[in-house]
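Hello,

Here is the structure you will be taking over. Please look through it first; my notes on what turned up follow below.

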Amino acid sequence: MRFLFLLLCVLSPSVFAASPVANNNASEPVAIEADTQLEWLKADNKFRATGNVVITQGTTSIKGDNAEALYDAAKGPSALTEMIVTGNVIIKSDDNTATAEQATYNTITQIATLRGKHIVLTTPKASVTAQSGMDYDVANRKVTSKGPSVVTQGTDKIQSDQLTVWLTEKNEMKRAEARGHVIITQKTADGTNIAQAERGDYDAVGKQATLTGNVKLTQGQNHMQGDAATINLATGYSSLKNNAATGGRVRAIFNPEGSDNKMPTLKTALPNVTPKENFEQPFVTGR
């Protein structure tokens with residue numbers, strides 16, 4: 001038997017305007033459904049639902065195995081402050097979908113904290129995945145991932161140890177900030193272009209990437225290395241710079257088309273870098 005608990009419009013619009021199940025539907029009622037049980041734990045200032053829980057308001061829904069909805073004791077049950085959903089979590093809002101093992105949404109900060117081994121946020125144009133955690137700032141359209149993370153949009157892919165992505169109002173990637181073991185991959189008609197660095201900032205609208213820290217660029221059999229680089233992914237233009245303060249040098253190695261030559265040994269060793277024999281693959285950076 002499926003239980004239905006309906007919280008009508010008497011609930012505070014100011015609270016639901018910031019909540020994950022409200023979105024732009026603050027005047028809509030909130031429904032909490034569950035297969036097993038629905039409880040009002042008045043002493044603990046919360047509601048609890050168990051068994052295939054579905055929370056909906058307007059066009060937004062949150063699904064999970066179990067859920068708790070906490071409210072401000074001073075203001076009463078209408079002032080929901082936090083929702084905690086566990087087990088097979090799926091959050092859908094308009095055209096965006098997030099999946100995780102657990103999700104906590106703070107209605108005051110409007111930040112959804114997603115946890116689990118494999119977390120995915122999918123928009124019509126882009127997707128962001130994380131292995132350790134993800135914070136989704138709904139109000140500012142900002143996604144911060146923890147642990148090895150990947151953002152993909154079209155033919156562009158960015159991987160790093162930590163990733164922050166800003167979305168446009170159309171839920172397309174606007175900008176990405178990557179930190180630690182950054183790898184940017186772009187597939188073109190001429191092959192796969194690969195850029196590596198310790199830090200990267202990517203303007204998705206202008207298709208411009210700025211890389212710093214042990215930069216390595218690979219295009220087919222050709223390789224360039226430096227301390228900083230600017231890349232236009234639309235035109236293919238790249239500019240590398242050295243760090244004069246540390247005596248760094250910009251290097252480029254070009255192999256003839258069809259050559260299977262291995263990467264020659266450089267006179268100045270590059271720390272923690274071992275080039276691969278297959279140059280369509282990125283360098284190994286000690287990861």
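One definition before the cavity notes: Ala, Val, Leu, Ile, Met, Phe, Trp, Tyr, Cys and Pro count as nonpolar, Asp, Glu, Lys and Arg as charged, and the others, Gly among them, as polar. Keep in mind that this is a predicted model.

With those classes, the lining of the largest cavity comes out as eight nonpolar and two charged residues, with no polar ones. That makes a lining of 10 residues. Nearest the centre of the cavity lie I32, F47, A49, A67 and A69.

Which strands supply at least two residues each of that lining? Strand 4 (46-57) and strand 5 (60-71) do. Strand 4 gives the largest share, with four residues.

On volume, the largest cavity holds about 50 Å³ of space. The structure has three cavities of 30 Å³ or more.

Now the protein as a whole. The count is 19 strands and one helix. The protein has 287 residues, and 43% of them count as buried. Its accessible surface is about 14,900 Å². Carbon and sulfur atoms account for 50% of that surface.

Last, the contacts. Take those in the protein with a separation of 6 or more: 38% of them join residues 24 or more positions apart.

If you start with one place, I suggest the lining of the largest cavity, where strand 4 has its four residues.

Best wishes

Methods: Residues numbered from 1 in each chain as written. Predicted model: local features only at pLDDT ≥ 70, side-chain atom pairs only at ≥ 80, totals over all residues. Heavy atoms only, no water. 1 Å grid on protein atoms, 1.4 Å probe; cavity = no way out; pocket = protein on both sides within 12 Å on 5 of 7 lines; lining within 4 Å. Points joined across faces, edges and corners; volume = space filled by probe spheres on them. Buried < 20%, exposed > 50% of the residue type's maximum accessible area, 1.4 Å probe, protein only. Contact = heavy atoms within 4.5 Å. Areas by Shrake-Rupley, 256 points an atom, 1.4 Å probe, with all protein chains shown as cover.
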